[in-house]
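Please look over the sequence and the model shown here before reading the notes on selected parts of the chain.

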Amino acid sequence: MTNGLVTAGSGQPWESELVAELDRPGAPLVVVRRCVDLADVLAEATTGQAAAVVLAADLRRLDTEAVDRLRAAGVAVVGVHAAADTRAAPRLGRIGIHDVVPDDAGPARLLSAVRAAIDGRRAGGVPTRLTVSDPQATLPGGPVGPVDPDPVPAAPVRAPGRVVAVWGPTGAPGRTTVAAGAAVAAAASGCPTLLIDADVYGGVLASAFGLLDESPGLAGACRAAANGRLDEAELLRLAWSVGGDGEDLQLLTGIARADRWPEVRPSAVPAVLDTARAVAGLVVVDLGFAVEADEELSFDTVAPRRNGATLAMLAAADTVLAVGSADPPGIERLVRGVADLRDALPEVTPWWC
């Protein structure tokens, strides 16, 4: 297995200190390249020489898509942030970098974090979400800070909401009607509900509720999530309140023009849904019909895919509701569509409607 390390520290002192540490005899890793920007990092990761990359938190264009590409290349990712920046570690976590170290931790601690990230990556496990700035954290070599002998009890955490994805084959079988009806009914029953228009072929929920169709909505949420800046307050700011008296119903509008589909990034979908689960007890997602891969792009793992967001939503949903029309052509389309869905996502078992 490779023991190469790639760094991109923008010339900050921690990068030079780490490189000097690895120049010593018997070092467990070898620095194969000090990159100047993210494009350089991504190019180096695809060569197969690197087991891990160490990135500065303020590296330009560092987002969920870049992290996904690094992980797809089999590379462990560690982020380094300014110790005084209290918002940097949460932002890195939201874009998928869970092994995070402050820049004043020292090269030994940084190297320990890198080795832990590599071991976790090779074991195929879930990222530890461990940060060296956490006083309770433990890395190889012992605790990284004092442990509070009498910690304050954590406040009770509300269970995350459930995500119901409403999907159906081509032919307008009533996906939007079912999604809107389910969301309105849930809100009327007292359940805080968030309705998301994620139809990448042109959503109509905004017009159905009499709203502006050019509001940022889901596209804005995806942009914020891709940069690690989407939190509960930001998501609620982007959503419209459309509930009546006593109803807690929020709507995250979609893209009214089909040519805007690249704005709904598949890499940002998990972060958007995680935040949605935190603000609502029920999240209803109205999806487009297509689930097939673009044949012309099937051999290019980094090319944008129009149906990528739909597949990501379906994979992340707790329940998938398949909607079909009750006429012979509609039944035939539903049967074939569910077969296509199972081919694309074998782990998804939809309910029929």
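The sections below take up a strand, two helices and a surface patch in turn.

## Strand β12 and its neighbours

The model is a predicted one, and a convenient place to begin is strand β12, which spans residues 282–287. Six of the six residues in this strand are buried, so β12 is largely enclosed by the rest of the structure. The cover is found on both faces, since L282, V284 and D286 are buried on one side, while V283, V285 and L287 are buried on the other.

Strand β12 has pairing partners in β8 and β9. With β8 (residues 162–167) the pairing is parallel and runs over five bridges, and within it A165 has V285 of β12 as its bridge partner. With β9 (residues 193–198) the pairing is again parallel, over six bridges, and here L195 stands opposite V284 of β12.

## Helix α2

Helix α2 covers residues 38–45, and because six of its eight residues are buried, the helix is largely enclosed by the rest of the structure. The buried residues are L38, D40, V41, L42, E44 and A45, a list in which the acidic residues D40 and E44 appear alongside nonpolar ones. These buried residues pack against strands β1 (4–8), β2 (30–34) and β3 (50–56), and also against helix α3 (64–72).

At the N-terminal end of α2, D37 acts as a cap, with one of its side-chain oxygens placed 3.4 Å from the backbone nitrogen of A39.

## R91 in helix α4

R91 belongs to helix α4, which runs from residue 88 to residue 94. Its relative accessible area is 11%, which is under the 20% limit, and therefore R91 counts as buried.

When neighbours within four places in sequence are set aside, the contacts of R91 are with A57, L62, N227, G228 and R229. For A57, which lies 34 residues away from R91 along the chain, the two C-alpha atoms are separated by 8.8 Å. For N227, the backbone oxygen lies 3.0 Å from a polar atom of the R91 side chain.

## A nonpolar patch at the surface

I331, V335 and W352 together make a nonpolar surface patch of about 300 Å². Of these residues, W352 is placed in strand β14, which consists of residues 351–352.

Is W352 buried, partly exposed or exposed? With a relative accessible area of 47%, W352 is partly exposed, because that class takes in values between the 20% limit for buried residues and the 50% limit for exposed ones.

Terms used: Residues numbered from 1 in each chain as written. Predicted model: local features only at pLDDT ≥ 70, side-chain atom pairs only at ≥ 80, totals over all residues. Heavy atoms only, no water. Patch = residues over 30% accessible without salt bridge, like charges linked within 9 Å, V, L, I, M, F, W, Y side chains within 5 Å. Areas by Shrake-Rupley, 256 points an atom, 1.4 Å probe, with all protein chains shown as cover. Salt bridge = Lys/Arg side-chain N within 4 Å of Asp/Glu carboxyl O. Helix = DSSP H or I, 4+ residues; strand = E, 2+ residues; numbered from the N terminus. Buried < 20%, exposed > 50% of the residue type's maximum accessible area, 1.4 Å probe, protein only. Contact = heavy atoms within 4.5 Å. Polar contact = N/O pair within 3.5 Å; in protein donor to acceptor, adjacent residues only side chain to side chain. Pairing = 2+ DSSP bridges.
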